[in-house]
Structures are given as C-alpha cells and as structure tokens.
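Me: I have not seen this structure before. Please take me through it by question and answer.

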Amino acid sequence: MLAGNRRFAEGKEEHPWQDKETRESLIDRQNPDAAVLSCSDSRVPPEIIFDAGLGDMFTVRTAGQMIDKSVLQSLEYAVSGLHVSLLVVLGHQHCGAVVHAEHDLDELVEHLTNEITNTRTKEEIMEDLDQVIESSSNEFLKNVGISVWQARMAGLEDCDDYEQVHIAHTIEQLVTSSEIIRDAVAHEKLMIVGARYRLDTGLVEVLSF
C-alpha cells in the first residue's frame, strides 16, 4: 500500500487491476488484502491515494472516520468474513470533521462555563466534561470532540495533534467495541495501523502510538 502511495505522490500511478479482466474475475468473489476506515473527505479516496485496483481493499468512509454500529459491523465482516489481515484507520491533514468538532467543543465549554455557580467550580465542570461529551446527541462532538478534548488534556493545542489523537482514539474504539476485532488482534490474525494522509505532499504517514 505504501509503495502505491509513493507512486501516487510522485505522479507515477500505475492504476493496477482496473481492467475488464479483473472486473470479470471479481464478479463472484472478493479477497481484499486490507480494510480501510477513512474520512469521507472528497480529497482522500483510499483507492486513488494508494494507487490500488478493484478488489484490493475493503473501504468504509464516514466524516472524521466516525464509528457507529453499521461501520463496526461492516469492518467486522471484513475481518471475519473476508479475512483481511490489515485494518488501516486513515485520518488526514486539514480534516473538516476535526475543525467542526473543535468548534462544537468550544461552544460546549463556553456554555458550561456560563453556568458556573458558587457551589460548582470551573475545575469541577471540566472534570465531568468527558461524560457530558459522551452523552451528547451531537455525533461530531461525541465521536471527534472527545479526541480533541483528550488532546487538550495532554497539553496539545495544534490541529495536527488533534488529528493524530483522533486516529488513536478511533483505534481504541474499534478494539474496545468489537469482540471480533479484539479477538483477531489478540490471536495475531489482524494488525491495526493508524495512518494520516498529508494533502500537501500526497504521502501517507504511518503513525506510532
């Protein structure tokens, strides 16, 4: 996948496995090498940035690679039904979902701060903020805003850092929410990798946590 990404970044795409013969060979079956959970951003289509072809990867895309039941079950199918050995959680530079969640988080903090009373200090409100976020009906806030909040609690204030923390948080969500994924990782049948696509260079960075 990284070799394909280098070709893409260098403008040397091969566009493999996109011919009539490949299409016809995949009519009755598929055997993708990897599953990719990525952002829906129009600038980050996985098959293009990895210079991949038909049948190469099983992709699930949501804004900010947010996870819900349908996303989770789709990835579980890739793991248990298609037996992919690699799951890539792909975030990207200048993610609009992160910016949106950051704005919603700031509004929430401002709202809660305005409700400070003599018996409830700002510090006490901030301590409970993660619980408020997780119970929110705002999906951006609940799925991505919590990552921004965790980053800030770690002393990080840069959007690049927010994006990386969100990728790590997404991986944590996958493992804790899915017994199928957790079991596959534990038995070394599946590797989960966090990665971040840079819009400015076209390159995908593999992250280490």
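Reply: A residue is called buried when its relative accessible area is under 20%, and exposed when that area is over 50%. The model discussed here is a predicted one.

Me: Is Glu 163 buried or exposed?
Reply: Glu 163 lies in helix H9, which covers residues 159-177. Its relative accessibility is 3%. The cut-off for burial is under 20%. Glu 163 therefore counts as buried.

Me: Which residues is Glu 163 in contact with, leaving aside its neighbours within four places in sequence?
Reply: A contact needs heavy atoms within 4.5 Å. With the sequence neighbours within four places set aside, the partners of Glu 163 are His 92, Gln 93, His 94, Cys 95, Val 98 and Arg 196.

Me: Where is His 94, and what is its phi?
Reply: His 94 sits in the loop between strand S3 (86-92) and helix H5 (96-114). It is a residue other than glycine, yet its phi is positive. The value is near 55°.

Me: Which residue caps the N-terminal end of H9?
Reply: H9 has 19 residues and reaches 26 Å from its first C-alpha to its last, close to the 27 Å expected. Its buried residues include Tyr 162, His 166 and Leu 174. At the N-terminal end, a side-chain oxygen lies 2.8 Å from the backbone nitrogen of Asp 160. The residue that supplies this cap is Asp 158.

Me: How many Å apart are the end C-alpha atoms of helix H8?
Reply: Helix H8 runs over residues 139-153, which makes 15 residues. The expected span is 1.5 Å times one less than the number of residues, so H8 should span 21 Å. The end C-alpha atoms agree with this, being apart by 21 Å.

Me: On which residue is the kink in H8 centred?
Reply: The kink in H8 is about 45°. Its centre is among the buried residues of the helix, which also include Val 144 and Ile 146. The residue at the centre is Gly 145.

Me: What is found at the N-terminal end of H8 and just after the helix?
Reply: At the N-terminal end, Asn 138 acts as the cap, with a side-chain oxygen 3.0 Å from the backbone nitrogen of Phe 140. Just after H8 there is a residue with a positive phi of about 85°. That residue is Gly 155.

Me: Why is S3 largely enclosed by the rest of the structure?
Reply: Strand S3 has seven residues. It is largely enclosed because the number of them that are buried is six.

Me: Which residue of S3 is the bridge partner of Leu 37?
Reply: Strand S1 (residues 34-39) pairs with S3 in the parallel sense over five bridges. S3 is also joined to S4, again parallel, by seven bridges. On the S4 side, Gly 194 stands opposite Val 89. The bridge partner of Leu 37 in S3 is likewise Val 89.

Me: In what sense do S4 and strand S5 pair?
Reply: S4 (residues 191-197) is mostly covered, with six of its seven residues buried. S4 and S5 form a hairpin with six residues between them, and Gly 202 in the turn has a positive phi of about 85°. Tyr 197 stands opposite Val 204 in S5. The two strands pair over three bridges, and the sense is antiparallel.

Me: Which element gives the most to the largest nonpolar core?
Reply: This core has 22 residues, of which Leu 75, Leu 174, Ile 181 and Leu 190 touch the most other members. The elements that give two or more residues to it are S1, strand S2 (57-62), helix H4 (69-80), S3, H9 and helix H10 (179-186). With five residues, the element that gives the most is H4.

Me: How many residues are in the other core?
Reply: This core lies apart from the one just described. Its members include Cys 39, Leu 105, Leu 141 and Ala 151. The number of residues in it is 19.

Me: What percentage of the chain counts as buried?
Reply: The secondary structure comes to 10 helices and five strands. The C-alpha atoms fill a box of roughly 70 × 35 × 25 Å, taken along the principal axes. Of the 209 residues in the chain, the buried part is 44%.

Conventions: Residues are numbered from 1 along each chain as its sequence is written. This is a predicted model: local features need pLDDT of at least 70, side-chain atom pairs count only at pLDDT 80 or more; totals for chains, interfaces and linings use all residues. Side-chain values use heavy atoms; hydrogens and water are left out. Helices (H or I, at least four residues) and strands (E, at least two) are DSSP runs, numbered from the N terminus. Buried means under 20% relative accessible area, exposed over 50%, partly exposed in between (1.4 Å probe, protein chains only). The bend at a residue is the angle between axes fitted to the seven residues ending there and the seven starting there. A polar contact is a pair of N or O atoms within 3.5 Å; within protein, one must be able to donate a hydrogen and the other to accept it, and residues adjacent in sequence count only if both atoms are side-chain atoms. Two strands pair if DSSP finds at least two bridges between them. A nonpolar core is a set of buried Ala, Val, Leu, Ile, Met, Phe, Trp, Tyr and Cys residues joined through side-chain atoms within 4.5 Å.
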